[in-house]
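Dear colleague,

Please find below the structure that I am handing over to you. I would be grateful if you read my notes with the structure open beside them.

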Amino acid sequence: MPAGWDFTQALAWGDVAGIAVFAASGALAAARQRQTLVTFAFFAAVTGTGGGTLRDLLIDAPVFWMVDSRAIATCLIVALAVWLTPARLWSPRALDWFDAVGLAAYAVYGAGKALAHGVPPLSAAVMGVVTACMGGIIRDVLAGEPSILLRPELYVTAAALAAGLFVGLTLLGVAAPVAAVVG
């Protein structure tokens with residue numbers, strides 16, 4: 001990390017990057033259906049903030065995008081960028097790759113936030129899975145696609161493994177940054 005940065009700052013920027021990745025997957029879902037800019041923005045916002053919103057409501061934390069507009073701004077900027085980019089430049093698997101990167105980051109981030117709010121370890125790991133998966137599930141339902149839960153991918157399993165590793169390692173005394181990278 002650059003001099004002067006601490007783990008909290010890095011986590012905040014990682015959060016914005018994760019929101020952008022999930023927002024891109026939402027906008028790409030709208031692109032596949034040749035939707036309008038409004039639909040791109042809506043899908044990007046729902047996918048980028050859906051899991052974190054549900055997590056925050058369940059752990060009784062302030063809903064993150066209501067107190068920090070960077071999340072919604074990021075979703076809208078990403079939606080516009082995807083909408084303006086010619087479809088031929090996006091790989092057919094781009095949505096899957098964006099989803100995978102967001103999933104890995106948010107399973108750990110969601111579990112960490114739940115632990116920080118006093119949620120017991122097992123429930124915190126579940127909150128990691130909720131954070132990582134719900135935005136994509138909501139996106140799929142809105143797009144009329146079969147939910148990721150009904151496809152033969154290891155989506156929820158991967159999120160559970162990442163969140164579980166993070167929680168387990170922190171319980172064993174491993175420093176949060178190290179546990180996050182492993183998760």
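The following paragraphs set out what was found.

Please bear in mind that this is a predicted model. The mean pLDDT of the protein is 83, and 83% of the residues reach a value of 70 or more. Confidence varies between the elements: helix 4 (residues 70-84) has the highest mean pLDDT, at 93, while helix 1 (residues 7-32) has the lowest, at 77. As a general caution, predicted coordinates should not be read in detail where pLDDT is low.

With regard to secondary structure, the protein contains eight helices and zero strands. Read from the N terminus, the order of the elements is therefore written α-α-α-α-α-α-α-α.

Turning to the interior and the surface, 43% of the 183 residues in the protein are buried. The protein exposes about 9,500 Å², and carbon and sulfur atoms supply 71% of that area. Among contacts with a separation of 6 or more, 67% are between residues 24 or more positions apart.

Finally, I turn to the cysteines. How many disulfides does a search of the whole structure find? The search finds zero. Two cysteines deserve a look in the viewer. Cys 75 has a relative accessible area of 0% and is therefore buried, since buried means under 20%. Cys 133 also counts as buried, because its relative accessibility is 3%.

With kind regards

Terms used: Residues numbered from 1 in each chain as written. Predicted model: local features only at pLDDT ≥ 70, side-chain atom pairs only at ≥ 80, totals over all residues. Heavy atoms only, no water. pLDDT = per-residue confidence, 0-100. Helix = DSSP H or I, 4+ residues; strand = E, 2+ residues; numbered from the N terminus. Disulfide = S-S within 2.5 Å. Buried < 20%, exposed > 50% of the residue type's maximum accessible area, 1.4 Å probe, protein only. Contact = heavy atoms within 4.5 Å. Areas by Shrake-Rupley, 256 points an atom, 1.4 Å probe, with all protein chains shown as cover.
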